[in-house]
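Here is a short report for a newcomer to this structure. Look over the sequence and the model, then read on.

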Amino acid sequence: MLKLHDTLTRSERELRPLDGKTLRFYCCGPTVYGPAHIGNFRTFVGQDVMRRVVELSGTPTLHVRNITDVDDKTIRDSIKAGQTLADFTRGWTAKFHADCQALNLLPPHVEPSAVAHIPHQVRMIETLVARGHAYAGSDGSVYFRIASFKDYGRLSHLEDRELRLGASEAASAQDSDEYSKDSLADFVLWKARKPEDGDNFWPSPWGEGRPGWHLECSAMIQEYLGDDFDLHGGGVDLIFPHHENEIAQSCCATHGKFAHHWMHSAHLMVDGGKMSKSLGNLYTLADLEQRGYTANEVRYVLISGHYHKPLNFTFDSLTAARSGLQTLAKHEAALREKIGASQPPSHGELITHGTPGLFADAWENLLNDLNVPGALGCVFSKIKDIPATRDAWLSLWFILDALGLTLPPPAGSETVDVPADIQALAEKRWQAKQAKDWAASDTLRKELEAAGWLIKDSKDSYTIVPK
Ligand code: AMP
Ligand code: ZN
């Protein structure tokens, strides 16, 4: 059974399906106004590893991930592009799907779009208004009354935020004539139509407009997963206010408990900082493919740090991914030839196989809050001694499938072929270095040097080169 960190209780908890059968979960999907960047994909790939581990454990899943196809950015950029909102977002949704496929993400079972669920959102607002949790402001928009939900703030645990909000509210009181909300913290459920929205508005009992961003997830979750469901996920930036607002809306509209487990992925950083267009360090999958890297190498990098810790992206880490994948490919190809197998087994076949066998230690790492770096370390330390049996080969694929990795054809002699035991030693040294065990890290470096290999460290990764 997978033990996963839960943001709400700040503890690791077993992920047991509420209905005893299927793990039903929701992930906030992309806003489709441009290509998703590799940071977005860190979150989606992390969720994919979680789903694969659950399914390989023998529990089927129901995975719902939305498409945000109406908000300020999609409207602004579709008008700029001279396209209808529908045409504009259709193009970027198709690009997102192509990237997901290249990165070997299992497609969600349901992928609802916000625009296709406007009536569901209007109905939810009507319920909230009827129950006194929402009100129409003087500007024609409808707001959620935060003061009506006593548990507001439980997910983000930010007591000081409330204090700050209180202070800014007091400061804004002088402006209150112009203010259309009862309280500064109240957030919008329905946005009244504005000239800059162009043709993008819908009718509602409060006049023409469009739903607020937070509401779409609550309405679609209710439609596809009901009032209570197993798990909700997204990047850490969504904890506040997006997920806090989803909880408030849903709990007040349904009387359910909403998500019973919260999974948040830490951010992908570049050059130790935030990725941003203005800094020129925002990479898409296409950017990296243009530089000669494969989607599989990008996936390897994205999972190579624990999902709960920030990960710094570097080009060195892509080089390390290439070398790691080559080591795996070389041994897997040799094993496959010996046992006379052709195609790697499918995800479905591995679910039926159902056991990590020889790689039980790697699997334990995955069941322990998805410790992918630990699991990879176990795989590298065993792979060169793997017995030539079909069972051992399936066990290897059981772990690779959990990680969603495919293997490239083994490279010819022109590329440096790092032996598995060297790769394992290098990984061990890297772990020692991460744990600041300088003595062990030094000893391992010397051992590697004695064997004829040099380690070149960058800030967040390493490469192995012959001496
Ligand atoms: P968006 O398309 O902006 O709604 O984001 C889609 C998903 O990517 C959300 O779950 C975000 O939390 C997540 N996300 C955004 N930036 C990053 C990042 N730098 N690293 C990891 N996840 C991110
Ligand atoms: Zn959401």
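Aspartate 369 lies in the loop between helix 12 (360-367) and helix 13 (372-382). The backbone of aspartate 369 has a positive phi of about 55°, although this residue is not a glycine. Keep in mind that the model is predicted.

A second backbone feature concerns a proline. The peptide bond that runs from phenylalanine 240 to proline 241 is cis, and its omega is near 0°. Proline 241 has its place in helix 7 (residues 239-254).

**The ligand**

Where does ligand 1 sit? Ligand 1 occupies the largest pocket. Two elements each give two or more residues to the shell around ligand 1: helix 1 (38-56) and strand 10 (231-235). Helix 1 provides the largest share of that shell, with 4 residues.

The shell around ligand 1 holds 16 residues. Those that come nearest are Thr31, Gly39, Thr43, Asp237 and Leu268. By type, the shell divides into 6 nonpolar, 9 polar and 1 charged residue.

Oxygen atoms of ligand 1 take part in polar contacts with the protein. Three of them are listed here.

| Residue | Protein atom | Partner | Distance |
|---|---|---|---|
| Threonine 31 | backbone N or O atom | oxygen atom of ligand 1 | 2.9 Å |
| Asparagine 40 | polar side-chain atom | oxygen atom of ligand 1 | 3.0 Å |
| Aspartate 237 | polar side-chain atom | oxygen atom of ligand 1 | 2.5 Å |

How much of ligand 1 does the protein bury? Taken alone, ligand 1 exposes 500 Å². The protein buries 88% of that area.

Threonine 31 and aspartate 237 thus appear twice: both are among the residues that come nearest to ligand 1. Threonine 31 makes its contact through a backbone atom, while aspartate 237 uses a polar side-chain atom.

**Aromatic pairs**

The distance of the centres and the angle of the planes describe a pair of aromatic rings. How many aromatic pairs does the count give? The count comes to 13. One of the pairs joins tryptophan 190 and tryptophan 206. Their ring centres lie 6.3 Å apart, with 50° between the planes. The pair is therefore classed as tilted, since stacked planes are under 30 degrees apart and edge-to-face planes over 60.

What does this pair tie together? Tryptophan 190 lies in strand 7 (residues 187-192), and tryptophan 206 lies in the loop between strand 7 and strand 8 (209-211), so the pair ties together parts that are 16 residues apart in sequence.

Conventions. Residues numbered from 1 in each chain as written. Chains lettered and ligands numbered in written order. Predicted model: local features only at pLDDT ≥ 70, side-chain atom pairs only at ≥ 80, totals over all residues. Heavy atoms only, no water. Near = heavy atom within 4 Å. Polar contact = N/O pair within 3.5 Å; in protein donor to acceptor, adjacent residues only side chain to side chain. Areas by Shrake-Rupley, 256 points an atom, 1.4 Å probe, with all protein chains shown as cover. 1 Å grid on protein atoms, 1.4 Å probe; cavity = no way out; pocket = protein on both sides within 12 Å on 5 of 7 lines; lining within 4 Å. Sits in = over half its atoms within 2 Å of the grid points. Nonpolar A, V, L, I, M, F, W, Y, C, P; charged D, E, K, R; others polar. Phe/Tyr/Trp six-rings, centres within 6.5 Å; stacked < 30°, edge-to-face > 60°.
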